Structure formats: structure tokens, C-alpha cells
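Visitor: I have a structure to go through with you. Could we take the charged contacts, then move on to the pockets?

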Amino acid sequence: MEDRTIHEFEFTLINEFFTELERQGPGSPEETIRALSFIDNLSDKTKIADLGCGTGFQTMVLAQNTKATITALDLYAGSIDKLNATAKKLGLQNRVKGIVGSMNDLPFQNNEFDIIWSEGAIANIGFEKGLNYWKKFLKKDGYVAVTYESWFTDERPTEIEKWWMDAVPEIGTIAHNVSIMQKTGYIPAAVFTLPESCWIDNYFTPQKARQEEFLKKHAGNKTVENMIAFLRHEADLYSKYKQYYGYVFYIGKRI
Ligand code: SAH
């Protein structure tokens, strides 16, 4: 198919597709907990913002593994409704609150949070721009913890280089991203790559049945056909080129 980025597809359609899935990006409870293990001084006073939370899979993992109060924010109202319903079902509604909003224009006070969390979402604002802008909402010594698409090698085959330059033009190597963390005012506390299972078992495989169902539901809709073709292509590229890129957890402490 012709090259195009996911951003060109309708926001609502993408979200309608993904909100029926447990996760909207690569990740796992184990990796969320691993990232949490690098953060000091967690208590029942800890305040976390989870930006681009989606339906909140990682939000619930954070809530179940801390005593923190969590504000989860996403642009898509359908995801927030689902997140708040899940929080209620798990009895976490007193500590977990989903709100609709944009990570580009946060409805928070300066120095409000101990931790800003964001899995698979910072590319929507940009890695550098996000780290820069979000910093003022953190207390001094607060932490940022994000997963972000990163190159594992200095050189890549053209096909995958071109695809990512189109999807996330800012994509860089791990060393480059760590230097951005430092430049934007954080001390890198930990950096680790997400295992392949986070992509394959938790992201691509669960999409397969949903893709069939979505194509049936929207039979004849060219936008939907293109979107599914894009997602299938993304999965094929991952199996072909996964030694060259992946998601990396970046954890930094605000200076
Ligand atoms: N953290 C979740 C979802 C990742 S998908 C997970 O790992 O499963 C990325 C999410 O970012 C989507 O839910 C999308 O609606 C949201 N998003 C995109 N642009 C946004 C913006 N400007 N502000 C807030 N959320 C945004």
C-alpha cells in the first residue's frame, strides 16, 4: 500500500478500534512495575499524572502497586469513560480519576505531581517538547517515566528508516533520547527496552481478531480498509526489523 502515517486516519476511528483492546500500545504490567521500582519515596501522598492513558491498563497497574492518587488524562472521551468504569469495578475510584484533556495543554497546577507517567503516547506531543512542557507540573525531585519509540542501532535498512521517519519524524537512538532528557532538565534514573512480548503478545496478536471484526462492521469503508492495512503492515515490519527499534522506558528525575 502507499505510505501514510496513522495520524492521517481519523482519530475517532482509530480509537474506536483500539478501545475494545486491553492496551492501545506495546507494554506489560511487569514493565510498568519495573519502571516503578526506580522511583523513590512512594507513599499515600504521592500524586501521579498518567498522560495519554487510553483505557487505562497501565493506570490500574500503577494504582494496584502504589498507594498513590492518580489523574489519568486522554484526548478521547470513550477511553476515559472506560477507564473510570474499570476503576470503579476494581474499587479504585477514590484514587483513580480519568479526565478528558490534551497533553499539550494540561489543566494542572505548577509543581502539582510527584510523577508524570506516559506509556506509548509522548510521540503525540514530541519527546523533547513533552519533557520540556511537562516539567513545570512536577515537583522538584519529581519523576517522569515514559515509553518512547527508539532506534537500537546507528544505521537501519531504508525501508524501516523511511517508515518511522514518516510516523515519528523525531525518532532517535537511545543515547540521543537520554541526552534530550538531560538537556530538558532531568537526571536519567533508568533506561530499559521493552521485551518483544510487549509488542507481539500484548499489542499485535490481540489486534488480529479485532481487525477482522472491524472490517466486517465497516464493510466497504475505504478509510477502515486503509487503517487495517496500515496496522498489518506495522506488525509485519516489526517482525522483519525488530532488532533495529523498539519501545524504551525512560525514567528521569526533575532537577
Ligand atoms: N497508555 C496507553 C495508550 C497508548 S495509545 C497504553 O499504553 O495502552 C496513545 C493514546 O494517546 C491514545 O489513547 C490517544 O487518544 C492519546 N492521545 C493522542 N494525542 C493526545 C493528546 N494530545 N493528549 C492526550 N492524549 C492523547
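**Salt bridges and the largest pocket**

Guide: There are 14 salt bridges in the structure. Keep in mind that this is a predicted model.

Visitor: Which residue does lysine 139 pair with?

Guide: Lysine 139 pairs with aspartate 114, in a salt bridge with an N to O distance of 3.2 Å. The two sit in distant parts of the chain, 25 residues apart: lysine 139 belongs to strand β5 (residues 138–151) and aspartate 114 to strand β4 (residues 113–118).

Visitor: Is lysine 139 buried or exposed?

Guide: In between. Lysine 139 has a relative accessible area of 29%, so it counts as partly exposed.

Visitor: OK, helices next. What does glutamate 159 meet in a salt bridge?

Guide: The side chain of lysine 240, at 2.9 Å from N to O. That pair also links distant parts of the chain, with glutamate 159 in helix α6 (residues 158–167), lysine 240 in helix α9 (residues 222–241), and the two positions 81 residues apart.

Visitor: And how accessible are glutamate 159 and lysine 240?

Guide: Glutamate 159 is partly exposed at 36% relative accessibility. Lysine 240 is partly exposed too, with a relative accessible area of 48%. The cut-off for exposed is over 50%, so a value of 48% falls in the partly exposed class.

Visitor: What about lysine 222, which partner does that one have?

Guide: Glutamate 225, and the closest N and O atoms of that salt bridge are 2.9 Å apart. Both residues are in helix α9 and lie 3 residues apart, so about one helical turn separates them.

Visitor: Where do lysine 222 and glutamate 225 fall on accessibility?

Guide: Lysine 222 counts as exposed, at 55% relative accessibility. Glutamate 225 is partly exposed, at 33%.

Visitor: Switching to pockets. How much space lies in the largest pocket?

Guide: About 980 Å³. The lining is made up of 43 residues, and Ile14, Gln24, Gly120, Ala121 and Asn124 are the closest to the centre of the pocket.

Visitor: Which element gives the most to that lining?

Guide: Helix α1, with 4 residues. The elements that each supply at least two lining residues are α1 (11–18), α3 (57–64), β2 (69–74), β5, α6, α8 (196–217) and α9. Three of those names came up earlier: β5 holds lysine 139, while α6 holds glutamate 159 and α9 holds lysine 240.

Visitor: And how does the lining split by class?

Guide: The lining of the largest pocket has 22 nonpolar residues, 15 polar ones and 6 charged ones.

Technical notes: Residues numbered from 1 in each chain as written. Predicted model: local features only at pLDDT ≥ 70, side-chain atom pairs only at ≥ 80, totals over all residues. Heavy atoms only, no water. Salt bridge = Lys/Arg side-chain N within 4 Å of Asp/Glu carboxyl O. Buried < 20%, exposed > 50% of the residue type's maximum accessible area, 1.4 Å probe, protein only. 1 Å grid on protein atoms, 1.4 Å probe; cavity = no way out; pocket = protein on both sides within 12 Å on 5 of 7 lines; lining within 4 Å. Points joined across faces, edges and corners; volume = space filled by probe spheres on them. Nonpolar A, V, L, I, M, F, W, Y, C, P; charged D, E, K, R; others polar.
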